[in-house]
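Trainee: I am new to this structure and would like a close look at a single part of it. Please start with one loop and then connect it to whatever else is worth pointing out.

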Amino acid sequence: MLDIKYIRENADEVGKFSAEKGVKVDVDALLENDAKMRELNGRLEELRKERNEIAEAGKKARPTEEQIARGRELKVEIEEIEKEFKGAEESFIKLIKEVPNKPWDDVPVGHTEDENVVAETIGKPTEFDFEPRNHWDIATHKGWIDKERAAKVTGARFAYIKGDLVKLQMAVINWVMKVLTDRTEIEKIIEQYGLKDVSNKPFEPVLPPYMIKTEMYDAMDRLGNGEDRYKIEGSDLWLQGSAEHVLGSMYAGEILEEKDLPMRMLGYATSFRQEAGTYGKDMEGIIRMHQFDKLEMESFTTAEQGFNEHLFFVAIQRYLLEELSLPYRVLQKCTFDIGKPNARGIDMEVWLPGQGKYRETHTADYMTDYQARRLKTRVRKADGEVELIHTNDATAFALGRILIAIIENFQNQDMSVSIPAVLRPFMYGQETI
RNA sequence: GGAAGAGUGGCCGAGUGGUUGAAGGCGCACGACUCGAAAUCGUGUUUGGGUAAAACCAACGGAGGUUCGAAUCCUCUCUCUUCCGCCA
């Protein structure tokens, strides 16, 4: 949610960037509603003041008949206006929730995802002296994935992952855990990518709950219309679609101390998505599943640190991909594609030789204080001032997709897959699978 | 799932329906004392709205109700603790 004060003072701009994000917002109706609420609130405060004065007098002496009579009148009046106020507030909240976050200055304006801008391409598409296969041919041949039996048990877009591929996933997890919880590794990344004014604080690993209440999901502004989420029948809970949802809401309503920021979390969780609107898309292999495991970074910072933290997260993603020697490109997402709560969004796409194209494996999102405003997650600064925190989230690895990238880029002619050097210590020295 | 008890400020903890936005203590900040520190003493120490600043309004887990007046009474709900049941 945006600050209503900001919307009042920048109504035209809010209308403009909302349109650029492809979000329909009635700013005029919102401001009218805001004015009405303020007017009602003013009247309420006056009446409450009078009520308080009578109550105060009642402390010293028994209230007189006139006071009690006036009190009765006030009670009725206050009730009426409160009711009206509540109605106004309800429609106000509905309207202000629709207003998207303001895009960062360098976000390109675009109206479809095709207008995302390729900012940089690192490495060259992997070359083979044989015709490279796609991951599902290799994985099915090796018995690493079984979608047919999964279809029997759970339906489409599920898979059993088996054998060496499971070990590879564990190796990726352990490697990332090591890198991101090690201060010297963090310092190395900061230096390697020339980052300035970024903390060297390591991440804290977190295994979060996989379910989330409607209220928190909505406050994170990641529930949408609920279509892409799984609702738990007979309860107020949903399956999370990303560890971001349960990590970002973890400190809702709390005031953190500035000395504890940045608060960096490395969450590992299975995520669940209905994949609404993707019918028939990516049905081969394990690129688009209803369930996938993910290592997710989440961070809370002050407003000043927020943007640098975002750049830091992007640097981590680059570092991880480069350590794996995977060819990839960096996409700066346009206004249409960054998402409603986002101020800025970067995607990483890894080259998949089996499919002959780049596919999305990573996203880095910077939400400024947009999520924090409704979550009421704040920080007490060193000078005692209390302000909203800034939230950042980014993929460390979506395991399914990174396994795909490794299989396709490190495949050998005999359908074995070489293990990238950095992962070998976590495969107990195993060099191919 | 069943039974009983409890939810108050950063923490502990008072609180007969009317000087309680909240005693007291701890912690913290500043000051005094000291060469310095400890101890001691003094002052300050919730958040949001509102204002130029004030006044003022709101909040004692959450929602609703009773009352001229609710942290205090009633209803529902959530969470925690203990006991029982079940269980990795």
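Mentor: Start in the loop that runs between helix H11 (303-323) and strand S11 (328-332), because serine 325 sits there. Keep in mind that this is a predicted model. Serine 325 has a positive phi of about 60°, although it is not a glycine. The background to that remark is general: most residues other than glycine have a negative phi. Serine 325 is exposed, with a relative accessible area of 53%; the cut-off for that word is over 50%.

A second residue can be set beside serine 325. Aspartate 221 also has a positive phi of about 60° and is not a glycine. Its place is in a loop too, the one between helix H9 (214-219) and strand S6 (230-231). Is aspartate 221 buried or exposed? Aspartate 221 is buried, because its relative accessible area is 14% and buried means under 20%.

The backbone has another feature to look at, this time in a peptide bond. As a rule, most peptide bonds are trans. The bond from leucine 261 to proline 262 is cis, with omega near -5°. Proline 262 lies in the loop between strand S8 (255-257) and strand S9 (263-272).

From the loops, turn to the surface near RNA strand B. There, 21 residues surround the strand, and the closest are Asn52, Lys59, Arg72, Lys86 and Arg380. By class, this surface has 13 charged, five nonpolar and three polar residues. Helix H3 (27-60), helix H4 (65-98) and strand S14 (378-380) each supply at least two of its residues. The largest share, nine residues, comes from H3.

Which part of the RNA faces the protein? Of the atoms of RNA strand B within 4 Å of the protein, 85% belong to sugar or phosphate, and the rest belong to bases. Individual side chains can be followed in the same region. An N or O atom in the side chain of asparagine 52 is 2.8 Å from a phosphate oxygen of RNA strand B. For arginine 72, an N or O atom of the side chain is 2.7 Å from a phosphate oxygen of the strand. The side chain of arginine 378 has an N or O atom 3.1 Å from a sugar or linking oxygen of RNA strand B.

How values were computed:
Residues are numbered from 1 along each chain as its sequence is written. Chains are lettered from A and ligands numbered from 1 in the order in which they are written. This is a predicted model: local features need pLDDT of at least 70, side-chain atom pairs count only at pLDDT 80 or more; totals for chains, interfaces and linings use all residues. Side-chain values use heavy atoms; hydrogens and water are left out. A residue is near a molecule or strand if one of its heavy atoms lies within 4 Å of it. A polar contact is a pair of N or O atoms within 3.5 Å; within protein, one must be able to donate a hydrogen and the other to accept it, and residues adjacent in sequence count only if both atoms are side-chain atoms. Helices (H or I, at least four residues) and strands (E, at least two) are DSSP runs, numbered from the N terminus. Ala, Val, Leu, Ile, Met, Phe, Trp, Tyr, Cys and Pro count as nonpolar, Asp, Glu, Lys and Arg as charged, and the others, Gly among them, as polar. Buried means under 20% relative accessible area, exposed over 50%, partly exposed in between (1.4 Å probe, protein chains only).
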